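User: I have a structure open and want to go through its sheets, helices, cores and main pocket. Please take my questions in turn.

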Amino acid sequence: MLRFGILSTAKIGRDAVVPALLDAENCVVSAVASRDIAKARAFADRFGVPHAFGSYDEMLASDTIDAVYIPLPTSQHVEWSIKAAEAGKHVLCEKPIALKASEIERLIAARDDNGVLISEAFMVTYAPVWHKVRDLLKEGAIGDLKHVQGAFSYFNRDPDNMRNIPELGGGALPDIGVYPTIATRFATGLEPLRVQATVARDPDFGTDIYASVKAAFETFEMSFYISTQMAGRQLMVFHGTEGTIEVKSPFNADRWGAEEIELTNQKHNVSQIFRFPDSRQYRRQAEAFAKAAMGEAAEIVTLENSLLNQRFIDAIYRAGETDGWETV
């Protein structure tokens, strides 16, 4: 069993990841840390966690854990991932693990220097939905892939929410722009070559709140938009010469809606529905990470993968400042 320490009592951990860790076959939650010891103890009591710490450093120094899960504000991800690595702990860190590709290069160095595992928590890459999309594309179910279309949006203008605070790493691209990019790269196994983009920022917050992106891959094009100030929407469509694949609930497979893929033929008169009623993508993520950390074979999100995804995001930001193409 891989013994996890939870570094902060953030909502994503409470609601999704910690329950998944407790449900996983090869994980146990041994400790939680908060800068407020009362919050740490309340969290520990809620989930039956044996150890509560009033500081992050104290938990990292403890021999009660082998790994940490980090759901801190984005601006603190790199700092605490490196500190955890230097303490000899494996790291599962919430996305985005960093805000610039150069920061991920620092994480790779910390991983290698300390002989630990560091992985970005892209739960979608563990979801059966996306493994099926990848398989269908590999099988040629829609012929030659020509275009990928995506959308991800929600509405949030809360000034106290970290997603609207630049100093905490807020912004639409770090929060949700990373999903169409990682999902497309995962499903196709290909990398973008160049991008064009329009990026808009909130006049009060200063964070990016909208992006419309066109990306050129070697054999297909991709277009997607994201927003933190539009009505909620999630969609991914893969369009080929012989058919289409529509992912009905691409990113929040356990909360947004039907966990389905619709495969439609070229004439649009025959379709197949693939349903995934129990994806448990957070549990699958935890179990794969634990296997890899304990030296077993498992497909996880490597830092090298994260680096490529962040270079995509970095290029979108650059493209938003110009009228032309930016190389990824």
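The questions and answers below concern this predicted model.

User: In what order do the strands of the nine-strand open sheet stand?
Analyst: The pairing in this sheet is mixed. β14 (271-275) and β15 (326-327) each have a single partner strand, so one side of each is left without a neighbour in the sheet. With these two at the edges, the order reads β14-β13-β12-β11-β7-β10-β9-β8-β15.

User: Which residue of β14 stands opposite L263?
Analyst: Strand β13 (residues 260-265) pairs with β14 in the antiparallel sense, over five bridges. I261 stands opposite F274 in this pairing. For L263, the residue opposite in β14 is Q272.

User: L263 also has a partner in β12; which residue is it?
Analyst: β13 pairs with β12 as well, in the antiparallel sense and over five bridges. The bridge partner of L263 on that side is I245.

User: Which residue in the turn between β13 and β14 has a positive phi?
Analyst: The two strands form a hairpin, with five residues between them. Phi is about 60° at one residue of the turn, H268.

User: How many residues of β13 are buried?
Analyst: Buried here means under 20% relative accessible area. The strand has six residues and is mostly covered. The number buried is five.

User: How many bridges join β7 to β11?
Analyst: β7 (145-155) and β11 (229-240) run antiparallel. One of the pairs places G150 in bridge with M236 of β11. The number of bridges joining the two strands is nine.

User: How many residues lie between β11 and β12 in their hairpin?
Analyst: β11 and β12 run antiparallel and are joined by four bridges. H239 stands opposite T244 in β12. Between the strands of this hairpin lie two residues.

User: At what angle does helix α6 run to β12?
Analyst: Helix α6 (residues 128-139) lies across β11, β12 (243-247), β13 and β14. Its angle to β12 is about 170°.

User: Is R134 buried or exposed?
Analyst: R134 lies in helix α6. Leaving out residues up to four places away in sequence, R134 touches F186, A187 and E299. Its relative accessibility is 19% and the cut-off for buried is under 20%, so R134 counts as buried.

User: Which strands does helix α9 lie across?
Analyst: Helix α9 (residues 303-319) runs at about 55° to β8 (192-201). The strands it lies across are β8, β9 (208-217), β10 (221-227) and β15.

User: Which residues does A101 touch, not counting those up to four places away in sequence?
Analyst: A101 is in helix α5 (residues 101-114). Because its relative accessibility is 8%, A101 counts as buried. Its contacts are L307, Q310, R311 and D314.

User: What is the strand order in the open sheet of six strands?
Analyst: Pairing in this sheet is parallel. Its edge strands, β3 (51-53) and β6 (118-121), each pair on one side only. Neighbouring strands are turned by 25° against each other on average, direction ignored. The order is β3-β2-β1-β4-β5-β6.

User: Which residue of β4 is the bridge partner of F4?
Analyst: Strand β1 (residues 2-7) and strand β4 (residues 67-70) pair in the parallel sense over three bridges. The partner of F4 in β4 is A67.

User: What angle does α1 make with β2?
Analyst: α1 packs on this sheet and touches β1, β2 (27-33), β4 and β5 (90-94). Its direction makes an angle with that of β2 of about 145°.

User: Which element gives the most residues to the lining of the largest pocket?
Analyst: The pocket holds about 1,200 Å³ of space. Its lining has 46 residues, with K11, I12, E94, R163 and R255 nearest the centre. The elements that give two or more residues are α1 (11-23), β7, α7 and α8 (281-293). The element that gives the most, with seven residues, is α1.

User: Which helix supplies the largest share of the largest nonpolar core?
Analyst: This core has 79 residues, and F4, W130, F238 and I316 touch the most other members. The largest share is nine residues, from helix α7 (residues 172-188).

User: How many residues are in the other core, the one with Y56 and W80?
Analyst: It lies apart from the largest core, and M59 and V91 are also among its members. The count for this core is 29 residues.

Methods:
Residues numbered from 1 in each chain as written. Predicted model: local features only at pLDDT ≥ 70, side-chain atom pairs only at ≥ 80, totals over all residues. Heavy atoms only, no water. Core = buried A, V, L, I, M, F, W, Y, C linked by side-chain atoms within 4.5 Å. Buried < 20%, exposed > 50% of the residue type's maximum accessible area, 1.4 Å probe, protein only. Pairing = 2+ DSSP bridges. Contact = heavy atoms within 4.5 Å. Axes fitted to C-alpha atoms, helices over the stretch in contact; angles between N-to-C directions. 1 Å grid on protein atoms, 1.4 Å probe; cavity = no way out; pocket = protein on both sides within 12 Å on 5 of 7 lines; lining within 4 Å. Points joined across faces, edges and corners; volume = space filled by probe spheres on them.
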